[in-house]
Amino acid sequence: MSDTAKSVSFSIFYETRVGESICVLGSIEELGNWKEYKCHLTWTEGHIWVSKEPIMTKHKRFFYKYVLLNEGQMVMWERGVDRIADLTLLQADMQ
């Protein structure tokens, strides 16, 4: 994989209540290094939360989780093991 940045978008189905929102937190700076809520998602019809804008990253692999917020404050992290984004698979798809 080259050193060019890749565009990554996120989406998840989750039914929220008024005042709640979803963001993505992860192991790279673009996703807040597990500390800062940088990647906020937008609600769409059918309770599908999607990236407002894709993130651009040069990282080949990173870990992430979805986080439930209420009025900007953390309510709950996604349970289970961290999700893994392996962007090296994108290169295989393009060949």
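Which residue forms a salt bridge with D82? Keep that in mind while you load the model, which is a predicted one, and start with the charged pairs.

**Stop 1: the salt bridges**

Select D82 and K65 together. K65 is the partner you were after, and the closest N and O atoms of the two are 3.7 Å apart. Now colour by secondary structure: D82 sits in the loop between β8 (73–77) and β9, while K65 belongs to strand β7, and 17 residues separate them along the chain. Switch on a surface and look at each end of the bridge. D82 is partly exposed, with a relative accessible area of 34%, whereas K65 counts as buried at 6%.

Stay on β7 and pick R61, then add D86. These two form a salt bridge as well, with 3.3 Å between the closest N and O atoms. Again the pair ties together distant parts of the chain: D86 is in strand β9 (residues 83–86), R61 is in β7, and they are 25 residues apart. At this bridge R61 counts as exposed, with 52% relative accessibility, and D86 is partly exposed at 24%.

One more pair to click on: R83 and E78. Their side chains meet in a salt bridge with an N to O distance of 2.7 Å. R83 is partly exposed, its relative accessible area being 33%. That completes the set, as the count comes to 3 salt bridges.

**Stop 2: the nonpolar core**

Hide the charged side chains and show F10, L31, L41 and F62 as sticks. Among the 17 residues of the largest nonpolar core, these four touch the most other members. Which elements give two or more residues to this core? Highlight β3 (20–26), β4 (39–44) and β7 (61–70), and you have them. The largest share, 4 residues, comes from β7, the strand that also carries R61 and K65.

Now centre on L41 and display what surrounds it. Leaving out residues up to four places away in sequence, L41 touches F10, I12, I22, C23, V24, W49, V50, S51, K52 and Y66.

**Stop 3: two cysteines**

C23 was in that list of L41 contacts, so to speak an invitation to select it next, along with C39. How many disulfides does a search of the whole structure find? The answer is 0. For C23, the nearest cysteine sulfur is that of C39, 7.6 Å away. A disulfide would need the two sulfur atoms within 2.5 Å, so this pair, at 7.6 Å, is not counted as one. Is C23 buried or exposed? C23 is buried, with a relative accessible area of 0%, and C39 is buried too, at 5%.

**Stop 4: T57**

Finish in strand β6 (residues 55–57), where you will find T57. At 1% relative accessibility, T57 counts as buried. Show its side chain together with that of E30: a polar contact of 3.4 Å joins the two. Then widen the selection to the rest of the surroundings. Apart from neighbours within four places in sequence, T57 is in contact with T4, A5, K6, V8, I28, E30, F62 and L87. F62 should look familiar from the core stop, as one of the four residues there that touch the most other members.

Key:
Residues are numbered from 1 along each chain as its sequence is written. This is a predicted model: local features need pLDDT of at least 70, side-chain atom pairs count only at pLDDT 80 or more; totals for chains, interfaces and linings use all residues. Side-chain values use heavy atoms; hydrogens and water are left out. Buried means under 20% relative accessible area, exposed over 50%, partly exposed in between (1.4 Å probe, protein chains only). A nonpolar core is a set of buried Ala, Val, Leu, Ile, Met, Phe, Trp, Tyr and Cys residues joined through side-chain atoms within 4.5 Å. Contact means heavy atoms within 4.5 Å. A polar contact is a pair of N or O atoms within 3.5 Å; within protein, one must be able to donate a hydrogen and the other to accept it, and residues adjacent in sequence count only if both atoms are side-chain atoms. A salt bridge is a side-chain nitrogen of Lys or Arg within 4 Å of a carboxyl oxygen of Asp or Glu.
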